[in-house]
Amino acid sequence: METRIFLPGQLQEAGRLIRSGGLVAFPTETVYGLGGNAFLHDSARAIYAAKGRPSDNPLIVHIPSLDRMSQVCGGVDPVSQILAEALWPGPLTLILPKSPSIPGSVTGGLATVGVRIPDDPTAMELLRFADVPVAAPSANTSGRPSPTAFWMVQRDLSGRIDGIVKGPDTRIGLESTILRVDQGSVFILRPGAIGIEQIRQVLDEAGMSAIPLYSPMEGTAEHPEGTDAAHHQVPGSRYRHYSPSIRVRRFSDGASLTALLQDELNENPDLRFAILTTQRFSTLPLDGQSQRVVVYADLDHYARQLYKDMVQLESEDYQLIILHYPSSTVFSPQEGGIRSALQDRIRRACGDE
Ligand code: TXA
Ligand code: MG
């Protein structure tokens, strides 16, 4: 199959292609998505086939505005409604009851559907032209890091999908926060750029301060009595995720990095490794030949670059990627959910759950 490249001026054609059953990858503010018509069973099947994804792992459905909600979900509870109005467009996916017009193949057979309005001008324009809800998982083959640049999609999916919209690198670089309201409590199923503090603030401003908020990242993971634990996990967490094919390890401070390097270099003195970090370490035993240290300006920069840099290093035959794990001790609410999201993705990249 030939994969067409659509430039930003060609979104009308790209939208038409999605509506008529084709698959087109496109940028959002989080990661690139692989879009298909969410009303069509065959488009969902084609998405699973192109990604090599298990078909019981549901897809997120994207819409351009709140007035399209009734096309995808049947009834929105008041708490989800408030969060949607306050935080959309944005990196937030809400799990809601599925409308009968969305085929079960899109939701992996679940009675719920993940819905999101992305905050990206290209995505928005494409969704308007498509004029149907667009089911879009991250545009990578299953188990690979999500693509945050056009070249990553092209390298991974070219020849397997109908088109790719060529946009800029994505602004956030990590997938959306996934959230579910269940029996009057709010559960964060996957941490993303919208953090627990921001959600708490929206609820406070709406006079809903009493609503319990649970996040697996903030030590509130135990689910309350009378709710079903299976509802508070994304089916996708059962599968291997976010991993490049080379070894990945993590460290949290200078001392643990030194210990890790000693351990690795004892095994193999010629090890070709890269360190990705937000801090400079002057005491490292580096010779510069087979090693690289990438220092990011801050956590936002780290998040934006992480997947791209891992895939790039992998293609340059590095043998080990060493990731700085941002600790929780110097948490500031202004940084939003990026720290939790980074912690989650770094743990997964290392193969820890
Ligand atoms: O930022 C994002 O969310 C990107 C962009 C393209 O929007 N999309 C994305 O999709 O990350 P994907 O398919 O790679 O991850 C979706 C996650 C999966 O772990 C899936 O199990 C979960 O969302 N999910 C989807 N629908 C769900 C539902 N009805 N109930 C629970 N989890 C759901
Ligand atoms: Mg994905």
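Start by selecting R250 and Y325 in this predicted model: R250 lies over the face of Y325, at 4.6 Å from the ring centre. Next, select R272 and Y318, where the charged end of R272 sits over the Y318 ring, 4.1 Å from its centre.

Now colour the strands. The open sheet has eleven of them, with mixed pairing, in the order β1-β8-β2-β3-β7-β4-β6-β5-β9-β10-β11. Go to its edges, β1 (4-6) and β11 (213-214): each has a single partner strand, so one side of each is left without a neighbour in the sheet.

Move inward to residues 92-97 and 177-182, which are strands β5 and β9; the two run parallel and are joined by four bridges. Select L94 here and find L179 of β9 standing opposite.

Add residues 196-205, helix α7. This helix lies across β9, β10 (185-190) and β11, and runs at about 155 degrees to β10.

Stay with β10 and β11 for the aromatic side chains. The whole structure holds three aromatic pairs. One of them is F187 with Y214, a stacked pair with 5.1 Å centre to centre and 15 degrees between the planes. F187 belongs to β10 and Y214 to β11, so the pair ties together parts that are 27 residues apart in sequence. Both F187 and Y214 are buried.

Finish at Y296 and Y302, an aromatic pair that is also stacked, at 5.0 Å centre to centre and 20 degrees between the planes. Are these two rings buried or exposed? Y296 counts as buried at 3% relative accessibility, and Y302 is buried with a relative accessible area of 1%.

Methods:
Residues are numbered from 1 along each chain as its sequence is written. Chains are lettered from A and ligands numbered from 1 in the order in which they are written. This is a predicted model: local features need pLDDT of at least 70, side-chain atom pairs count only at pLDDT 80 or more; totals for chains, interfaces and linings use all residues. Side-chain values use heavy atoms; hydrogens and water are left out. Two strands pair if DSSP finds at least two bridges between them. Contact means heavy atoms within 4.5 Å. Axes are lines fitted to C-alpha atoms, for helices over the stretch in contact, and angles run from 0 to 180 degrees between N-to-C directions. Rings of Phe, Tyr and Trp (its six-membered ring) pair if their centres lie within 6.5 Å; planes under 30 degrees apart count as stacked, over 60 as edge-to-face and the rest as tilted. Buried means under 20% relative accessible area, exposed over 50%, partly exposed in between (1.4 Å probe, protein chains only). A charge sits over a ring if NZ of Lys or CZ of Arg is within 6 Å of the ring centre and within 35 degrees of the ring normal.
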